[in-house]
Amino acid sequence: MPPNLTGYYCFVSQKNMEDYLQALNISLALRKIAVLLKPDKEIHHQGNHMTVKTLSTFRNYTVQFNVGEAFEEDLRSIDGRKCQAALGMYSPARAIS
């Protein structure tokens, strides 16, 4: 069972975000907005199910998924895309830095 990550996480800093977004082919206007945002995360974690809310002054976004299972993330309201994702948790002994 993964550790429970329920909590409120405050944005601290970012590095090279605009370069990262450019590599993802995000439009210039959206990149300029994104680098100004300081989004926080609110996570509700129960068993293998997680709800992650991204909270910002521009737009709030919620995604729900089960750890270790593929899911479709609908980002059309943010950047016009849909993507397939899977998130897993591993013990610190298996972590790769």
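Two strands are taken to pair if DSSP finds at least two bridges between them, where strands (E, at least two residues) are DSSP runs numbered from the N terminus. The model examined here is predicted, so local features need pLDDT of at least 70 and side-chain atom pairs count only at pLDDT 80 or more, while totals for chains, interfaces and linings use all residues. Residues are numbered from 1 along each chain as its sequence is written, and side-chain values use heavy atoms, with hydrogens and water left out.

A good place to start is the hairpin formed by strand 3 and strand 4, with 5 residues between them. Strand 3 (residues 49-55) runs antiparallel to strand 4, and 6 bridges join the two. Within this pairing, Lys53 stands opposite Thr62 of strand 4. Strand 4 (residues 61-66) shows a covered face made of Tyr61, Val63 and Phe65, whereas Thr62, Gln64 and Asn66 lie on the uncovered one.

The largest nonpolar core, a set of buried (under 20% relative accessible area, 1.4 Å probe, protein chains only) Ala, Val, Leu, Ile, Met, Phe, Trp, Tyr and Cys residues joined through side-chain atoms within 4.5 Å, has 10 residues in all, among them Ile43, Met50, Val52, Phe71 and Ala85. Strand 3, strand 4 and strand 5 (71-75) each supply at least two residues of this core, and strand 4 gives the most, with 3 residues. Not counting residues up to four places away in sequence, Phe71 touches (heavy atoms within 4.5 Å) Val63, Gln64, Phe65, Cys83, Gln84, Ala85, Ala86 and Leu87.

Definitions and conventions:
Buried < 20%, exposed > 50% of the residue type's maximum accessible area, 1.4 Å probe, protein only. Helix = DSSP H or I, 4+ residues; strand = E, 2+ residues; numbered from the N terminus.
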